[in-house]
Amino acid sequence: MSTDFFILMKSELSLMLIIFILLILKVWDGIKDNSTWLHIVNFLLLINFAVGFIYSVDGMLFNGMFHTNNILVLEKSILNFGTLIISLQAFDWLKTHKHVPEFFILLLTTLLGMFFMISSGNFLMFYLGLEIASIPLAALANFDLEKLKSSEAAVKMILLSAFSSCIMLFGISLLYGSTGTLNFAELPALLAVKNLHILSLIFIFVGFAFKLSSVPFHLWTADVYEGSPVSVTSYLSVISKAAIVFVFISVLGPLFLNFQGMWYNMLFLSIVLTITVGNLFAIRQDNIKRFLAFSSIAQAGYILLGLSAGNQMGTSATIYFLLVYIFSNLGAFGVIGIVSALANKENISDYKGFYKTNKLLSWVITISLFSLAGIPPTAGFFGKMFLVTAGASHGNYILVIIASLNMIVSLYYYLRVVKAIFVDPNDAPIEKLNPSFSAKLGLIICMIGVVVIGFASCIYDYINSLTI
Amino acid sequence: MTNLTILILVPLLTAIAVLFCRNTTQIKWTSFIGSLVQLGLASAMMFSYITERAIGNTSQMLFQQRYSWYSALNIQYFIGVDGISVVMIMLTACVVVAGILISWKVETLTKEFFFLLLLLSVGAYGFFISLDLFTMFFFLEVAVIPKFLLIAIWGSGKKEYSAMKLALMLMGGSVFVLIGLLATYFATDIGNGVHTWDLLQIAHAHISLHTQMYIFPFLFVGFGVFTALFPFHTWVPDGHSSAPTAASMFLAGISMKLGGYGALRVAVYLMPEAAQQYSWLIVLLATIAIIYGSFATLMQKDLKYMNAYSSVSHCGFILLGIGMLTKTAIIGAVMQMVSHGVMTALFFGAIGMIYERTHTRQISELGGLLKTLPFIGTVYVITGLCSLGLPGLSGFVAEMTVFVGSWQRPDAFHRIATILAAASIVVTAVYILRAAGKAVMGPIVNEHFQHLKDATWNEKFASVLLIVAILAIGIAPFWLYNLIAPDAQIIMENIARGVTGN
């Protein structure tokens with residue numbers, strides 16, 4: 001047990017420490033005031049984020065079960081930062097809630113699970129992380145305890161998540177049965193184009209696609225997003241999704257490399273379906289959370305487009321896009337969370353005339369939506385451009401054309417919301433809202449991210465220097 | 001003035017300054033002074049450009065600046081101007097000043113209105129000076145969304161429908177451009193598998209005809225949507241007529257020129273051989289647009305719709321000139337871009353001024369404006385005459401150049417196209433004279449019109465600025481010709497090189 005251990009596991013250890021601190025504080029029962037709780041949590045998360053900047057080394061632990069390197073540390077820092085923003089934005093919702101520490105204990109546990117998943121060097125470790133990351137999420141989905149819809153969402157989520165885990169586990173067991181190892185370092189060499197291996201990889205991909213909510217495994221998404229509290233929805237759609245993509249980039253991706261043709265066809269189908277179905281369903285939604293759920297399904301398709309490139313450009317573009325996506329999606333969810341907490345309204349039609357009463361909030365959500373749609377000068381433009389460029393680097397222009405044409409559809413529904421906010425008349429618009437300082441801070445961070453990341457090419461260069 | 005970045009920074013800083021203004025007077029004056037400074041800078045830039053050329057600087061692009069932006073993807077901030085971009089920048093600067101002056105009376109959400117106008121102009125300036133395809137595309141898209149908001153919030157009529165239609169169709173255009181640009185990027189290999197977005201490098205890298213044949217349609221149609229290429233012109237009438245006056249001026253005066261400029265600079269210049277192959281199709285579509293546009297204009301009863309449809313017809317001349325692929329025709333196309341930009345901006349300005357006072361745009365409800373509103377009436381007549389191609393005004397010069405250039409193609413197909421296009425001018429004369437005769441000359445039809453107030457100082461300033469530009473081009477076209485000609489020559493040389501296969 002050398003100091004290396006602490007350096008290698010710094011992100012996990014600091015998260016665990018925070019979870020224990022929260023538990024002890026909860027048991028001590030000395031903090032009565034929700035605001036104090038939230039400030040403590042935010043402060044701890046800030047420290048946690050800072051820990052990511054301590055110098056890091058590449059290395060393995062526990063016989064190759066756990067490994068880490070610079071790119072993984074970067075991925076974890078991105079997730080940490082996203083969680084910090086979500087916690088800032090949750091202020092208005094949680095300040096009247098009865099169970100503040102529990103919320104964060106559950107939330108951080110899932111984050112810990114994701115970290116283990118990202119760093120796993122073995123399928124066992126991976127599966128462990130996956131389960132740690134999924135089960136508390138169902139509890140979180142139900143965190144508005146008195147709402148029936150929340151409970152429905154939670155039950156749906158836990159059942160379907162268990163089901164997808166089953167399928168994935170089945171794939172893993174087939175793989176183990178035929179190769180005799182679960183070690184990611186050894187597996188690629190042992191895989192060959194055999195029916196059994198193909199089948200097992202398809203099962204694993206299905207589990208993965210379920211977590212990413214790509215079509216046709218997306219049906220849980222809209223209901224769960226709608227039923228869950230906004231903060232949980234944003235966590236699900238941003239952090240959870242980003243984590244599973246990171247896992248794919250760093251861990252699962254290499255497994256599929258032996259199966260170029262089949263793998264590519266599978267991705268092709270998945271991308272076309274995901275983008276198109278996500279977009280078409282997003283058009284018809286009125287609940288703004290459902291709307292963002294479908295838009296995030298479509299975004300997942302673009303992420304897969306970057307992955308389909310299978311080269312360094314694709315990997316860098318995907319990580320970069322996820323970074324941008326966190327800021328843009330959290331900007332939108334931040335406003336929705338404030339409106340939901342303070343005005344208790346969640347429909348697009350409620351947003352009519354929003355600009356008359358809440359100018360700044362309107363601009364924040366508008367800019368975030370533009371960023372999601374990929375309109376310059378927001379960072380979303382660069383994110384999407386790089387993803388499409390990476391997709392084109394593979395030479396498959398049919399895919400690029402389908403993905404690009406879908407941008408028009410997506411622009412339509414994002415503009416529909418913008419139109420409701422700016423143009424549509426409304427006699428009783430949402431009254432002037434006064435969000436807390438910390439929610440405002442969360443939004444300001446998102447806006448800075450959305451505006452700056454695109455122009456600061458050093459961020460992309462840094463990511464690109466880490467990817468292989 | 002040789003630092004081109006300032007041309008982007010000034011409108012951008014003006015836009016940001018507008019956000020910090022306290023009241024409408026400050027907002028208006030800030031935008032006005034900002035745009036005036038920009039006009040001054042643009043003129044200074046034009047004079048330094050002419051001086052540079054006069055002392056024998058023969059490099060293709062002057063005042064270049066090049067910084068690496070995204071080095072991994074070889075994206076650069078690479079700017080520079082040639083004669084064509086210089087005149088486009090001048091056009092933009094004039095129209096922006098005029099547009100801001102015409103919007104002096106915008107009362108609702110003034111700050112947002114001027115901010116979006118200035119943001120739109122940032123996109124246009126950036127587009128015209130970019131020599132890197134990625135930055136060029138970036139600025140092209142910057143100019144799309146402000147239009148949506150301008151029309152949807154401050155527009156009239158079925159504004160929401162028009163705004164959405166315009167945004168989606170222009171987005172569709174951009175998507176086509178995007179696909180074309182990506183394919184161009186990956187088709188050029190400047191050694192070691194490194195690709196480039198650099199316009200000048202791509203022009204000299206030889207892309208095979210086979211690849212060009214695939215890429216060219218995407219680029220041309222993409223940019224064509226912006227400049228009302230038939231059958232992708234349908235956003236034009238709705239968009240223009242629903243937009244507030246300044247937005248119409250910007251749309252027709254600047255935004256549609258982005259497409260023409262892009263079609264020439266990117267599609268034709270970079271894909272010369274494919275341009276040759278597809279030339280007949282471009283000519284065909286342009287001729288249809290010209291004839292269809294002019295006849296559709298005949299049917300209009302609303303002044304703004306009339307001008308919007310005539311824009312379709314006039315922009316057809318731009319595409320016709322580009323499609324003919326002769327040096328004179330290309331020069332004519334660029335001249336038509338400038339001429340139509342200035343003329344139609346003034347046209348929409350005049351219509352806006354009329355509407356603001358009479359609250360109607362129906363030709364049948366108007367009459368005798370020359371008696372009650374002598375200044376505005378005169379402006380309307382002048383632009384009308386320019387539109388129908390009266391010698392001495394800019395329209396005549398530009399259209400004439402296009403026709404002369406087109407006539408240089410001796411085969412029957414191009415001759416017929418030229419004749420048909422030229423014949424459309426008669427139709428133009430019919431609708432312009434009819435509208436001017438009824439609305440401006442005729443008897444006063446409405447008692448209420450007796451007490452209207454003529455143009456205010458800002459409207460006069462805007463109108464005079466644009467009329468001066470129209471006269472300058474119309475009376476002394478050679479300075480414009482001399483600016484454009486060397487660069488049209490370079491484009492022609494690239495086409496010729498493509499044909500001989502070097």
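**Exercise 1.** Is Met441(B) buried, exposed or partly exposed, judged by the other C-beta atoms within 10 Å?

*Solution.* The structure is a predicted model, in which local features need pLDDT of at least 70 and side-chain atom pairs count only at pLDDT 80 or more, while totals for chains, interfaces and linings use all residues. Residues are numbered from 1 along each chain as its sequence is written, and chains are lettered from A and ligands numbered from 1 in the order in which they are written.

Begin with the cut-offs: a residue is buried if 20 or more other C-beta atoms, placed from the backbone, lie within 10 Å of its own, exposed if 12 or fewer do, and partly exposed in between. Met441(B) has 15 other C-beta atoms within 10 Å and is therefore partly exposed. Next, place the residue: Met441(B) lies in helix 18 (residues 412-441) of chain B, where helices are DSSP runs (H or I, at least four residues) and strands likewise (E, at least two), numbered from the N terminus. Finally, leaving aside residues up to four places away in sequence, Met441(B) touches Leu370(B) and Ala436(B), contact meaning that C-beta atoms, placed from the backbone, lie within 7 Å.

**Exercise 2.** Determine how helix 8 and helix 10 of chain A are oriented to each other.

*Solution.* The axes of helix 8 (residues 148-179) and helix 10 (residues 195-212) of chain A come within 8 Å and cross at roughly 150°; axes are lines fitted to C-alpha atoms, for helices over the stretch in contact, and angles run from 0 to 180 degrees between N-to-C directions. Angles under 35 degrees count as roughly parallel, over 145 as roughly antiparallel, 65 to 115 as roughly perpendicular and the rest as oblique. Helix 8 and helix 10 of chain A are therefore roughly antiparallel. By class, their contact has 13 nonpolar, seven polar and no charged residues, with Ala, Val, Leu, Ile, Met, Phe, Trp, Tyr, Cys and Pro counted as nonpolar, Asp, Glu, Lys and Arg as charged, and the others, Gly among them, as polar.

**Exercise 3.** Describe the side of chain B that touches chain A.

*Solution.* Count the participants: chain B gives 25 residues and chain A gives 27. Then locate them: strand 1 (62-70), helix 5 (133-142), helix 6 (145-154) and helix 7 (159-187) of chain B each supply at least two residues of this side, the largest share, twelve residues, coming from helix 7 of chain B. By class, the side of chain B comprises 21 nonpolar, two polar and two charged residues.

Methods. Contact = placed C-beta atoms within 7 Å.
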